[in-house]
Structure formats: C-alpha cells, structure tokens
Amino acid sequence: TFSVAELRQHHSQLVRLGLASHPAHARRLLSFLARDPDAHFPYAARLPANHPDPHPALFNPLFPALPPRHAARLLALMLSLPLAPDHFTFPRVLPAAHPLHLVAQLHALLLKLGFRAHTQSLNALLAAYLANARPDLASRVFRGGGALDVVSWTTMVGGLCKLGLVDGAREVFDAMPERNLVSWNAMMSGYVRAGRFLDALEVFDEMRARGVESHRFVAATAAVACTGAGALARGREVHRWRLATAVVDMYCKCGCVEEARRVYEALPAKGLTSWNCMIGGLAVPGRGEDAVELFGRMEMEGLAPDDVTLVNVLAACAHAGLVGEGRRCFDHFVRRYGIEPKMEHYGCMVDLYGRAGQLDEAKKVIDDMPMEPDVGVLGALFGACRIHGDVELGEAIGWRVIELDPQNSGRYVLLANLLATAGRWEDVARVRRLMDERNVSKEAGRSVIVVDGEVCEFQCGSLCHPQAEEVYAMARDMMRRIGAEGYVPDTRDVLHDIAEEDKETPLLYHSEKLAIAFGLLRTRPGYTMRITKNLRVCRDCHEATKFVSRVFERQIVVRDRNRFHHFKDGTCSCKDYW
C-alpha cells in the first residue's frame, strides 16, 4: 500500500509532465483511494475537485471496490462538485451499498435524478434489496412499472431462490416474457438448493423441450439434480447431450467445419443451440449457401429461430455475398416469427450491403433504424467504405466512429489508411497527432501458431524467438519463391508516403507471414497450419498466403478478428469476398 507521501510524489511527477488531467492517469491516482480509503480519502478527494474536466468516468470504477461508507462519501463528493451521476454510476455504487438504509437513500436519489426508466440501475437496485433480504421492497420496485429486461426477471428469480422463496421464484419464472440460460439455471439451482431435485429436472426437461441447449453451468446444475435424485440414467443422458454440443462448438471455433458437421449430424436430438452453433460455424468461413440450407432444414423440423439464429444467418449471407438472400431472410424472420430486429441485426444488414459495395443501401439501413446506431453499426459502414474506396462517406463516418470509440486504435488506423489511399498525407498526420494527444497506441498485429504443442506468437515487425534468423531466412525465401510464381506485393495498406518499392519491406515482417515461415520450418509436408490473428488479415497477406498454399502444397487455416480463411491449392474459402 502506498503512503500519502508516495501518492503525492507520483501526482507531482504527473503534474510536471502535464499528464495529471489525462483520464487514465487520473483514474489510476484515484484508484489508490480503494486500497486504503481511511488514509487516502482526504487527499484523493482533492484530485477530482481540481480536475479541469471532471467526469463520472473518473468515479464509477472506484465504487465497487470501496466499503459502503466510503462509497457513499465518494458519491457525496461527486454530487458536491456538482457532477451528476450517469447511467454507469448507480449500477456500480449499489452493489457496494450493503446497509439497507444506504440502499433506500440511493433508491430515493435514483428516482430524484430521473433514472426510473434506466434498466441497469433498476436491476442493481433489485439485487441490493434482495441482498438485504427484503423481497417485499424488491417486489415493489419490480412491479413499479420500470423498464424491465430479462436480467431484471432473472435477478428476481435468483434472489428469491437464495432467500428460500422457491415457489415465489417459480411464479416469477413462469411469468417471464423471455428467458436466457441464466434464467433457466437460476430456477434449477433454486430447486437444487432446496433439495427439490425432481422439480429441478422438470425445469431442465422443459428447457430441452423448448429447444434450448445448455452451457456447461446448466449441465452441471442438471448433473447435481440427477445426483440428488439418484437418477443415474438421466445423468448419463445429460453428459452425452452436453458433451456433443460442446464438441460441435469446439470444432466450429477451431475452423474444422467438416468435423463439426459430422458430430452435429450424429446428434440424436438437436435443440436450438445446436442449430445456431452449426449455422454460425458455417457462416464464419464463408459457407453461406450451406448455412441458409441448414436453416431451411431447421424450419422444416418445426423449430422456431431466435435472435441468435437471425444474426448467424445474416452473417452467413454477408460473408458469402448473398445480398438478396440476406434481405429475404431478414424480412422472413420479422414477418413470420415476429422477431423484433435489434442493434446487432441492423449491424449485420449494414455489413451485408457494405461488403457488396451497396453503400447507399447500407446508409439507408442506418438512416431508417428505429434507434441511434452504435459504434458497431457505424463501424460496419466505415469498414465497407475503406474496402470500396469511398473516401467522402468513409471520412464522415470515420470521425463519428472515432468520437464514439476514442480508445480503439483500429478506428484511427482505418481512417488513416482510407485517407492515405487518396494521397491526403496532411490529414493522415492529423489522425496520428490525435492518437498521440489521446495517448492511443496502435495495436500491433500478432499471429499465433501451435507446433508440436508449443504455442508461438509472432508480432508484426518484431521477432524474439530462438530461431529468429532461420524464420527470417525462410520468410525471405518464401516470398522469393511465390514471387517467381506471379505474386505481386499489394502495398495499398502500407501507410507511408514513400516509393512503392520501399513499401514492400514492411510487408515481409507482417506477423502472419512470420508465423507461416515458422510453420514451414517446423512442420512436415502435408501438415495443415492453423494460425490465429488478433487483427483482420490484410490484403497482401491474404494474397501471399494463397500463393504459399499452392507453391508449398500446404493447407493453411487463418482465423482473424472477423472470420476464418481456409487456403488450399492457391484459393481461399472466402472466394476473395471478405
């Protein structure tokens, strides 16, 4: 623990460097308060009071770490500045407010400041009353006409169960307009805790009958219920059912779609989660036609889709360029199943049109949305503008995205790349200066490959490995050999105002190429290399990897930030549509 004297030393150094008001440094200084609030509170309280631009974000992260008394003092300090709480304040401060009288005071303040309709704040209030064993007050809030969501209902179910009011919890559970896995598990766990194992298995059976498949924590609860009821046969059934679904999910996420499909087709009974998992697994590598066909099978078997199904089907269409099919599916889900499109569904539609170059249609989706687009939706259009070279629209959207997501370095890099394609180097420098001013560092590209059980990570432009010289030599030889077969470096993504031939050298040291070179060094012919990237694969690496797969007769599976690419015989599973 730091003393006040040490805290002052750190603070004075930041003041001399002109960094004391930077949000990250200010939050770090304030975080000392949580370590020893009795000793540090008076000094730490002066920091936000003298901050040039105090914001609730300085206070909010501290509330959960503080004892109730100090959390209340910090909130009082915040209000005295004066600084109004935002939508993140009450969800952070209420879990720290253990005494009932403090919860009641915060409840009154919440109503006074107009947060009655803020769902997350109400959910935190429900949890606080239930934690104080006051289900009567929690029920009053719950039935008070606020904006409730599935978390609100689940909080009530779980809270009542923990208080031993299982029958009351079941009444709330049965009235839920929608349920998620946490809801089902909360009810099952309540019955298990009360020793009512057969009732828990009844809920489990109902969940499966509705086509809902579990996560491992639901399966674990069902297994405990089987143990308590002495139902060995049921326990074995739960084991087989959960394991098969997990294997499908594992194969899909590792890019082994055919293996996933074989396990999936062998399932004796397929619930909604299994269908969603397989449809999503087909979407990621660009097998859109197969994903849509599988959804058709799901409908023929009489299983109704949910929000996740729609996201997966739209993603499959977007990755495969099936614009007409995606539009048809969107309308079909809304019209036939009454699914109300959410933010993520509109984001998929923007991505669908944007990847196809229909930027006007993508923009129309955003303009016609019933809610304000979030950074994900705008980011989809922004990325499409970069792909299709629409500098004017891309620049306008790009600045909006940066202001919504100011700490995401990828947003700045994308805008700088877009401006660089138009030769607007002064504007590129402006973007870079803004990154420096906001202390945003560009995320380095990293690629991971596993060889003989060894996990090896390669970073763009940097290689710290015992075989570094051999890897660089192999990378140079690899590029020479594919160059002889017709590969031409794609320098459009190199962000420097330099001659074209000078841009080729940085491309050699991209992390994916280094990982592939290492794989060629360490694996036998015919071995399928599997590489995971933290960023979207660049155009040059994509083209180079296609050549490598043909020249070296290797299959290479690359999972980047957005999707899988399976390279084989000089082609990619994405069919160059990505």
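# A guided tour from Ser152 outward

Begin by selecting Ser152, which touches Thr119, Asn123, Leu126 and Phe142 when residues up to four places away in sequence are not counted. The model on display is a predicted one. Ser152 is found in helix 10, residues 150-162, and its relative accessibility is 0%, so Ser152 counts as buried. Show the side chain of Asn123 as well: a polar contact of 2.4 Å joins it to the side chain of Ser152.

**Helix 10**

Extend the selection to residues 150-162, the whole of helix 10. At 1.5 Å a residue, the 13 residues of this helix should span 18 Å, and a distance of 18 Å between the end C-alpha atoms agrees with that. Helix 10 is mostly covered, with 11 of its 13 residues buried. To display the buried residues, select Val150, Ser152, Trp153, Thr154, Thr155, Met156, Val157, Gly158, Gly159, Leu160 and Cys161.

What lies over these buried residues? The cover includes helix 8 (119-131), helix 9 (135-142), helix 11 (166-174) and helix 12 (181-193). Colouring these four helices separately will help with the next stops.

Then inspect the two ends of helix 10. At the start, a side-chain oxygen of Asp149 reaches to within 3.0 Å of the backbone nitrogen of Val151. After the helix comes Gly164, whose phi is positive, near 85°.

**Aromatic pairs**

The model contains 9 aromatic pairs. Select Phe142 and Trp153 for one that is edge-to-face, with 4.9 Å centre to centre and 85° between the planes. Phe142 lies in helix 9 and Trp153 in helix 10, so the pair ties together parts that are 11 residues apart in sequence. Both Phe142 and Trp153 are buried.

Move next to Tyr264 and Trp275, an edge-to-face pair with 5.6 Å centre to centre and 80° between the planes. Because Tyr264 lies in helix 16 (residues 257-265) and Trp275 in helix 17, this pair ties together parts that are 11 residues apart in sequence. Tyr264 is buried, with a relative accessible area of 0%, and Trp275 counts as buried at 1% relative accessibility. While Tyr264 is in view, add Lys270: its charged end sits over the ring of Tyr264, 5.2 Å from the centre.

A further selection is Phe295, Phe333 and Tyr337, which ring pairs link into a cluster.

**Helix 17**

Select residues 272-283, which make up helix 17. The expected span of its 12 residues, at 1.5 Å a residue, is 16 Å, and the end C-alpha atoms are 16 Å apart, in agreement. Of the 12 residues, 11 are buried, so helix 17 is largely enclosed by the rest of the structure. The buried set includes Ser274, Asn276, Gly280 and Gly281, together with Trp275 and Met278.

**The nonpolar cores**

Met278 leads to the largest nonpolar core, which has 68 residues; Met278, Val350 and Leu381 are those with the most contacts inside it. Centre the view on Val350 and show its contacts: leaving aside neighbours within four places in sequence, these are Ala362, Val365, Ile366, Val377, Ala380 and Leu381. Apart from this core lies another, of 59 residues, among them Tyr129, Leu137, Val157 and Val166.

**Helix 11 and its surroundings**

Return to the side of helix 10 and select Val172, which is placed in helix 11. Is Val172 buried or exposed? Val172 is buried, with a relative accessible area of 5%. Its C-alpha atom is separated by 7.2 Å from that of Trp153, 19 residues apart along the chain. Beyond its neighbours within four places in sequence, Val172 is in contact with Phe142, Arg143, Trp153, Met156, Val157 and Leu160. Then show Phe173 and Arg179: Arg179 lies over the face of Phe173, at 4.0 Å from the ring centre.

**Two positive phi angles**

Most residues other than glycine have a negative phi. The last two stops depart from that pattern. Asn439 has a positive phi near 60° and is placed in the loop between helix 26 (425-437) and strand 1 (446-451). With a relative accessible area of 47%, Asn439 is partly exposed. Finish at Asp576, found in the segment after strand 6 (571-572). The phi of Asp576 is positive, near 60°, and Asp576 is partly exposed, with a relative accessible area of 46%.

Definitions and conventions:
Residues are numbered from 1 along each chain as its sequence is written. This is a predicted model: local features need pLDDT of at least 70, side-chain atom pairs count only at pLDDT 80 or more; totals for chains, interfaces and linings use all residues. Side-chain values use heavy atoms; hydrogens and water are left out. Buried means under 20% relative accessible area, exposed over 50%, partly exposed in between (1.4 Å probe, protein chains only). A polar contact is a pair of N or O atoms within 3.5 Å; within protein, one must be able to donate a hydrogen and the other to accept it, and residues adjacent in sequence count only if both atoms are side-chain atoms. Contact means heavy atoms within 4.5 Å. A nonpolar core is a set of buried Ala, Val, Leu, Ile, Met, Phe, Trp, Tyr and Cys residues joined through side-chain atoms within 4.5 Å. The expected span of a helix is 1.5 Å times one less than its number of residues. Rings of Phe, Tyr and Trp (its six-membered ring) pair if their centres lie within 6.5 Å; planes under 30 degrees apart count as stacked, over 60 as edge-to-face and the rest as tilted. A charge sits over a ring if NZ of Lys or CZ of Arg is within 6 Å of the ring centre and within 35 degrees of the ring normal.
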